[in-house]
Every structure is written in structure tokens, then in C-alpha cells.
Amino acid sequence: MRSPSDSRRGITVLEVLIAIGILAIGLVSVAAIIPAAGSQGARAVILDRAAVHAANVLADAATFGLLRQSGTTWASLTASGPAVVVDLMGAPLTNASSGTARNAGVFSTASSGIAPIATARLLLESRDDVVVTPAAAEDDPPTNFVADGARGYTGRITSLLCLSETGSGNYCASVVVFHGRDPGTTAITGTLTNSALTFIPPADRTATDVVRPGVVLWEQSTRRFHQTMSVSPNADGSALFVTLGSGTALAAGSSTVQILPDSVGLAERVFMPETGGGFIP
């Protein structure tokens, strides 16, 4: 008489092939996710650094006295006057002027009011990516790279600082953070009608490459910044539908805006000008 164990069958070739096929599909699916996960991980690092940098710039602006009402350029900070922009690229936005709102101190020059590049970099350049000079010999350590008398950084994460009046004697300090900013294309003018954004992109970039989630817009009439949360092109690609950070579009009708390519973050702080003090020039 045969025992029950003698009647059991092994795994057939067909079952092995089916198992291999299922495993292969799973492995291929995992492999396809890896590049996307790496890209999202890199972007998460950029956004994290941008958020930290924006907070640091707002804190430093108060520490260095830039939020203190002093200097000739403060006279233009009215509800109808232009905003004051400190930008390493030296290209102020429409309805804004270059300056520091200071007539003394390291962030001003008596002749023009434009912050020197070397001192502006202390405020507007991230400290995350240090540049070093290669060692002269194999056993020597690298040394810090110095530019304009200060330690050099890659400059991949930079920002601009904007001061504007929101009305009733209150002011707003805005920091727009950039990653890998293109100095040849600092702003692109477009029209935003409800949620449809139309503009002419540069020859070397597409519309969806210029305007991506996180890109910041400058509304010329109100002198305010807006950050895009989602972007999708229409059927024929003639316009982009954008949703702003508030969850709604701008006011009904058409608004002239300036797109800030390569921007990845926006931080704002409403404040009242600091009072005078002998320890701050």
C-alpha cells in the first residue's frame, strides 16, 4: 500500500514560470519607481533648504536693522509707491526699485543706496554649499574658497528681499528663494486672466519648464507675490492653468504679472517699522 507522501506531486515547470513572471513584474515596477523617488527626494532637500534659508533671511533682515524705518528709500514705501528690492541680480521688478531702505551700515552705500554685492551675499546666499579650493598635495586638506573677501558658496540657493507697504502703516517683508537661478532670465512678463496664465517662454525653455509648482509670481499692480501650487497646460498648450497658494486665483479680470523662473519658495512677514535706537546707524 502506498503512503500519502508517495502521492504528492512536485512543482511543475508552468508554476515556476508563472512565479518568475509575477516576480519579474514586481521587480520591474520597483525599478521604475526608483528614479522618480530619487527625483522627489532631491526636490525635498531643495525645498527644505529653501524654507530654512527664507526663515534665516527674514530673521537676518530684522537683526541687521533692515526693518527699521530709516534711509531715503523708505520715503517711497507708501501704499501707492514702489517696493524696495534687494537682489543679487540687480534687476528690480516692475513697480519696485533697487535699494536697501538704509542710508548707513553694511547694507547701503551713500552714493546710490544699492547694497554692495559682497555684503548682500551675506544675506541673500545660502550657506549650505561651501566651495573649497583643492589641496595642493595629496595629503594636504582642502581650504575654503574666498570670493570678495568672504567664504565662497556655490550660489545654487539664493534669494531676493522685498519691502513694501500693505497700508495703514504696516509693511511686508517678502523673501523669494531660487535654486539654480538663470542670470539671463530673471523675470518674464505674462498675463493672468482668472486662472489662465499666458506668456512667451525663452527660446531654450518650455512653458511648463518655466512655470512649475512652487514658482513665484509678482503682481505688478498690487506689488504682491503669489506662489503657484499646481500647474497644468490647456488642450492646445496656449495657456497654463495655475492654482495659487491661497487656493484661489487672483482677482477676476486680467492682471499683469512677472514670473520669477527657478523660484522654489516664498516667505513673508508683516511688520511695523522698528523704532530708532542709538546702537543701529
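No disulfides are present in the structure, the count being 0, where a disulfide is defined as a pair of cysteine sulfur atoms within 2.5 Å. Cys162 takes part in no such pair, and the nearest cysteine sulfur, belonging to Cys172, lies 7.7 Å away. Cys172 is likewise in no disulfide, its nearest cysteine sulfur being that of Cys162. Cys162 counts as buried because its relative accessibility is 1%; the classes are buried (under 20% relative accessible area), exposed (over 50%) and partly exposed (in between), evaluated with a 1.4 Å probe on protein chains only. Cys172 is also classed as buried, at 1% relative accessibility.

The model is predicted, so that local features require pLDDT of at least 70 and side-chain atom pairs count only at pLDDT 80 or more, whereas totals for chains, interfaces and linings use all residues. Residues are numbered from 1 along each chain as its sequence is written, and side-chain values use heavy atoms, with hydrogens and water left out.

Across the whole structure, the search returns 4 salt bridges, each defined as a side-chain nitrogen of Lys or Arg within 4 Å of a carboxyl oxygen of Asp or Glu. One of them joins Asp87 to Arg181, with a separation of 2.9 Å between the closest N and O atoms. This pair links distant parts of the chain, 94 residues apart: Asp87 belongs to strand β1 (residues 83-87), and Arg181 to the loop between β8 (170-179) and β9 (188-193). Strands (E, at least two residues) and helices (H or I, at least four) are DSSP runs numbered from the N terminus. Asp87 and Arg181 are both buried.

A further salt bridge is formed by Glu268 and Arg224, whose closest N and O atoms are 3.3 Å apart. Here too the pair links distant parts of the chain, with Glu268 in strand β15 (residues 263-271) and Arg224 in strand β12 (residues 224-233), a separation of 44 residues. Glu268 is partly exposed because its relative accessible area is 33%. Arg224 is assigned to the partly exposed class on the basis of a relative accessible area of 29%.

Asp209 and Arg205 also form a salt bridge, in which the closest N and O atoms are 2.9 Å apart. Asp209 counts as partly exposed, at 27% relative accessibility, and Arg205 is buried, with a relative accessible area of 14%. Both residues belong to a network of salt bridges that links Arg205, Asp209 and Asp262.
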